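Hi,

Here is the structure I promised to pass on. Have a look at it first, and then read on for what turned up.

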Amino acid sequence: MNVAMKGEEVAQAIPANVFAEKVTKVEHYTDRLFRFRITRPSSFRFRSGEFVMIGLMINGKPLFRAYSIASPSWDEELEFFSIKVPDGPLTQHLQKIEVGDTILMKKKPTGTLVNDALVPGKRLYMFSTGTGIAPFASLIRDPETYEKFEEVILTHTCREVAELKYGQDLCEEISNDPLIGELAAGKLKLYNSVTREDYPFQGRITDLIENGKLFTDLGVPPLDPAIDRGMICGSMEMIRDTKALLEKNDLNEGANNKPAEFVVERAFVG
């Protein structure tokens, strides 16, 4: 590999199916959330919305967890958005990384939160909680998303207002981006809600769907399987409950080999 490792023993311990990449940027948002960027291998290809296994050498052995790639498929670097778990096997170490450190990444990306897994529609909902916004951070920066849908609605629900900043910054960056800004103008809407602090929009996204407030706030009609499509990424509970609501509205779950009206992601970080 062309990446300098910290010692010959570490280099020898890295499996053949793993890239070793350098951290180029780290940004901490709260005591629970941070993002980082790494170099991108020239041979690495992925579809916007997919996830990959990334990790670190811990006690001489590689430890991996699934992380959605938050950057779009055209980006020259790879971005990730992570929680900080004090006793998490990986994240207790990952949250301490600095620019120049080495990140391990397996060579095969995968995932169902891709445009190909949805049948054509008019309006795309991206339902996210916490770091579940990561795959959507990739998709809302991909021109294909705006070519396929007339409206793209990203919902992001967090416990505290400060945890919304990553998504807010992202949408602001997109509006000023020379490549994506024009495509996203008038199509991309960000809908934030908070569960534990005062905020103009409060409550779990499932409650806001069920009581209709989400649609009233956005000025759009309720879910319609003929035109609405959905993607879901968040906690196990949120995925289960949101999936049930979409199915209640006659949307069917799809997959890479069988596109339908909505898809979910079940890759988690620890």
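Let me start with a residue on the outside: Asn59 is exposed, with a relative accessible area of 76%. Please keep in mind that this is a predicted model. Asn59 sits in the loop that links strand 3 (51-58) to strand 4. Its backbone caught my eye, since Asn59 has a positive phi of about 50 degrees although it is not a glycine. For context, most residues other than glycine have a negative phi.

A second residue belongs in this part of the story. Asp250 is not a glycine either, yet its phi is positive, at about 70 degrees. You will find Asp250 in the loop between helix 9 (236-248) and strand 11 (262-264). Asp250 counts as exposed because its relative accessibility is 55%, and the cut-off for exposed is over 50%.

Now to the sheet. How are its six strands ordered? The order is 4-3-6-1-2-5, the sheet is open and the pairing is antiparallel. Strand 4 (61-68) and strand 5 (77-83) are the edge strands, each pairing on one side only. From one strand to the next, the twist averages 40 degrees.

The edge at strand 5 is worth zooming in on. Strand 2 (residues 33-39) and strand 5 run antiparallel and are joined by seven bridges. If you would like a residue to start from, try Thr39: its bridge partner in strand 5 is Glu77. At the other edge is strand 4, which brings you back to the loop that holds Asn59, between strand 3 and strand 4.

Enjoy exploring, and best wishes!

Key
Residues numbered from 1 in each chain as written. Predicted model: local features only at pLDDT ≥ 70, side-chain atom pairs only at ≥ 80, totals over all residues. Heavy atoms only, no water. Pairing = 2+ DSSP bridges. Helix = DSSP H or I, 4+ residues; strand = E, 2+ residues; numbered from the N terminus. Axes fitted to C-alpha atoms, helices over the stretch in contact; angles between N-to-C directions. Buried < 20%, exposed > 50% of the residue type's maximum accessible area, 1.4 Å probe, protein only.
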